[in-house]
Amino acid sequence: MSPADYGAMRSFLRVLGAETRLPASADQPDAHSALVRAILSSVAVSTAPAPRVTCTITVSPAVTNPYNTLHGGLVAAVAEAVGMACAQTAVGDKEMLLGELSTAYLAAARCDSEVDVEAQILRKGRSVVVTTIEFRLKDSKKLCYTSRATFYIMPLASL
């Protein structure tokens, strides 16, 4: 890499904010989960005929990327949280862990827009629950992001 290329790359990263320090609140335990919970609103859970969790995200400047659209990492974090909530409605109090999460980024959700998030169970077995999570713009119902999460149900210890 030439010195000119290095300088251009460093300038690009500086524009994206790579040299700025995180606020002290980001160093607190559970700061990530608190951020995800803070942007979710109007959460509704239904169990009949199939488990379903719905909620709304308001895209604020705090959760956008440099292009003023919903940050991709936050999309994945919300997909995990809402998918886990949906899986919990299907299995009850059993402990679970995320095994796999795949997300397709189809369109961008702009700053100050509202996004409806809906999670449903695709498959439920003895040791695994697979959920699908859809993110749609509230006003146009346009599909922005779609995720599929696989949760593994932890076996009970036998003594």
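## A walk through the predicted model

Start at the surface: Met1, Tyr6, Met9, Phe12, Leu13, Leu16 and Tyr67 together make a nonpolar patch of about 780 Å². A patch here is built from residues with over 30% relative accessible area and no salt bridge, with nonpolar side chains (Val, Leu, Ile, Met, Phe, Trp, Tyr) joined within 5 Å and like charges within 9 Å. The areas come from the Shrake-Rupley method with a 1.4 Å probe, and for residues only the protein chains shown count as cover. One member of the patch, leucine 13, sits in helix α1, residues 3-15. Leucine 13 is partly exposed at 37% relative accessibility; on this scale buried is under 20% relative accessible area, exposed is over 50%, and partly exposed falls in between (1.4 Å probe, protein chains only).

Before going further, a word on what you're looking at. This is a predicted model, in which local features need pLDDT of at least 70 and side-chain atom pairs count only at pLDDT 80 or more, while totals for chains, interfaces and linings use all residues. Residues are numbered from 1 along each chain as its sequence is written, and side-chain values use heavy atoms, with hydrogens and water left out.

Now the overall layout. The protein has three helices and six strands, and from the N terminus on they come in the order α-α-β-β-α-β-β-β-β. Helices (H or I, at least four residues) and strands (E, at least two) are DSSP runs, numbered from the N terminus. Taken along the principal axes, the C-alpha atoms fill a box of roughly 60 × 45 × 30 Å. Of the 159 residues, 30% count as buried, and the protein exposes about 10000 Å², with carbon and sulfur atoms supplying 56% of that. If you like contact-order style numbers, 61% of the contacts between residues at least 6 apart in sequence join residues at least 24 apart, where a contact means heavy atoms within 4.5 Å.

What does the record add? In an unreviewed entry, UniProt lists residues 67-144 as "domain: Thioesterase"; such positions are given in the numbering used here, feature names are shortened, and annotations may be inferred rather than shown by experiment. In the model, that span is 26% helix and 42% strand, and its end C-alpha atoms lie 15 Å apart.

Next, zoom in on threonine 56, which lies in strand β2, residues 52-58. Threonine 56 counts as buried because its relative accessibility is 6%. Leaving aside neighbours within four places in sequence, threonine 56 is in contact with Ile39, Leu40, Ser41, Ser42, Glu114, Val115, Asp116 and Lys138. With one of these partners there is a polar contact: the side chains of threonine 56 and aspartate 116 are joined at 3.2 Å. A polar contact is a pair of N or O atoms within 3.5 Å; within protein, one must be able to donate a hydrogen and the other to accept it, and residues adjacent in sequence count only if both atoms are side-chain atoms.

Aspartate 116 leads straight on to the charged pairs. Side chains of opposite charge can pair when their charged atoms come close. The rule used here asks for a side-chain nitrogen of Lys or Arg within 4 Å of a carboxyl oxygen of Asp or Glu, and by it the count comes to four salt bridges. Aspartate 116 forms one with lysine 138, the closest N and O atoms being 3.7 Å apart. This pair links distant parts of the chain, with aspartate 116 in strand β4 and lysine 138, 22 residues apart from it, in the loop between β5 (128-137) and β6. Aspartate 116 also forms a salt bridge with lysine 141, at 3.4 Å between the closest N and O atoms. Lysine 141 is in the loop between β5 and β6, so this pair ties together parts that are 25 residues apart in sequence. Asp116, Lys138 and Lys141 are thus linked in a network of salt bridges. Both lysines are partly exposed, lysine 138 at 36% relative accessibility and lysine 141 at 48%.

Finally, two backbone spots deserve a look. Most residues other than glycine have a negative phi. Asparagine 68, in the loop between β2 and α3 (72-91), has a positive phi near 60°. Aspartate 112, in the loop between β3 (96-105) and β4 (114-124), has a positive phi near 70°. Asparagine 68 is partly exposed at 45%, whereas aspartate 112 is exposed at 64%.
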